[in-house]
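Welcome! Please take a moment to look at the sequence and the 3D view, and then read on for a short guided tour.

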Amino acid sequence: MSTLQWYAIRTVPIHRIEFSVGYELNQMAPERAMVPSEIKWAKRRGSRALRPVRYTIFPCYVFASFADVGEFFAAKAQINKLAEAKGKKPPVVALVGYGSMPAVLSAGDVSLLQTLSRPEPTAQA
């Protein structure tokens, strides 16, 4: 069995799609995807009340681990097929890389992203 390597996945620029892609990847293999985010206090339209809202730190990116690149392409096909079945645009675009070579994230990058992936609400303004 090969070791898991972490990659950055680019998604389409649709509001909050990163959370859906991260959810679907974690349904396939738990604890294998993360969406670094932060919680901010915001007002809903037409309301005076503040509520916590989760925002991505890196819009259009999801970070996930795969045993090999082939596993990514299988996951991409499955997620995009689910979206198309619902009449939506396929959300997963590609792995981030250099030319045709996907970029593997270092252990330091992964630990930083894991820290960022556990958002704590900030104090209410």
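The report below goes from the overall layout to the pocket, the cavity, the salt bridges and a patch on the surface.

## Overall layout

Please keep in mind that this is a predicted model. The chain holds three helices and eight strands. Reading from the N terminus, you will meet these elements in the order β-α-β-β-β-β-α-β-β-β-α.

To get a feeling for the dimensions, follow the C-alpha trace: along its principal axes it spans about 50 × 40 × 25 Å. The chain has 125 residues, and 33% of them are buried.

## The largest pocket

Which residues lie nearest the centre of the largest pocket? They are Ile17, Ser20, Ala83, Lys86 and Pro91, out of a lining of 13 residues. The space inside this pocket comes to about 260 Å³.

Two helices take part in the lining: α1, covering residues 17–28, and α2, covering residues 69–85, each supply at least two residues of it. Helix α1 gives the largest share, with five residues. Sorted by class, the lining of the largest pocket contains eight nonpolar residues, one polar residue and four charged ones.

## The cavity

The model also has one cavity of 30 Å³ or more. The space in this largest cavity is about 30 Å³. Around the largest cavity you will find Ile9, Val21, Leu25, Phe66, Phe72, Ala75, Lys76, Ile79 and Val92. Eight of the lining residues are nonpolar, none is polar and one is charged.

Helices α1 and α2 turn up here too, each with at least two residues in the lining of the largest cavity. For this cavity the largest share, four residues, comes from α2.

One of the lining residues, Ala75, is worth a visit. Alanine 75 sits in helix α2. Is it buried or exposed? Its relative accessible area is 6%, under the 20% cut-off, so alanine 75 counts as buried. Alanine 75 and glutamate 24 are 51 residues apart in sequence, while their C-alpha atoms are 8.9 Å apart in space.

## Two salt bridges

How many salt bridges does the count give? The count comes to two. In one of them, glutamate 71 pairs with arginine 32, and their closest N and O atoms are 2.4 Å apart. Glutamate 71 belongs to helix α2, whereas arginine 32 is in the loop between α1 and β2 (33–34), so this pair ties together parts that are 39 residues apart in sequence. With a relative accessibility of 29%, glutamate 71 is partly exposed. Arginine 32, at 16%, is buried.

The side chains of glutamate 38 and lysine 40 also meet in a salt bridge, with an N to O distance of 3.6 Å. Glutamate 38 is partly exposed, having a relative accessible area of 35%. Lysine 40 counts as partly exposed as well, at 40% relative accessibility.

## A nonpolar patch on the surface

For the last stop, turn to the outside of the model. Phe58, Tyr61 and Val96 make a nonpolar surface patch of about 210 Å².

Tyrosine 61 can be placed in strand β5, which covers residues 61–66. Why can tyrosine 61 be part of a patch? Patch residues need over 30% relative accessible area, and tyrosine 61 has 31%, so this partly exposed residue passes that cut-off.

Methods: Residues are numbered from 1 along each chain as its sequence is written. This is a predicted model: local features need pLDDT of at least 70, side-chain atom pairs count only at pLDDT 80 or more; totals for chains, interfaces and linings use all residues. Side-chain values use heavy atoms; hydrogens and water are left out. Patches are made of residues with over 30% relative accessible area and no salt bridge: like charges are joined within 9 Å, nonpolar side chains (Val, Leu, Ile, Met, Phe, Trp, Tyr) within 5 Å. Accessible areas come from the Shrake-Rupley method with a 1.4 Å probe; for residues, only the protein chains shown count as cover. A salt bridge is a side-chain nitrogen of Lys or Arg within 4 Å of a carboxyl oxygen of Asp or Glu. Buried means under 20% relative accessible area, exposed over 50%, partly exposed in between (1.4 Å probe, protein chains only). On a 1 Å grid over the protein atoms alone, a cavity is a set of points where a 1.4 Å probe fits but cannot get out, and a pocket is an open set with protein on both sides within 12 Å along at least five of seven lines; lining residues have an atom within 4 Å of a point. Grid points are joined across faces, edges and corners, and a volume is the space filled by probe spheres set on the points. Ala, Val, Leu, Ile, Met, Phe, Trp, Tyr, Cys and Pro count as nonpolar, Asp, Glu, Lys and Arg as charged, and the others, Gly among them, as polar.
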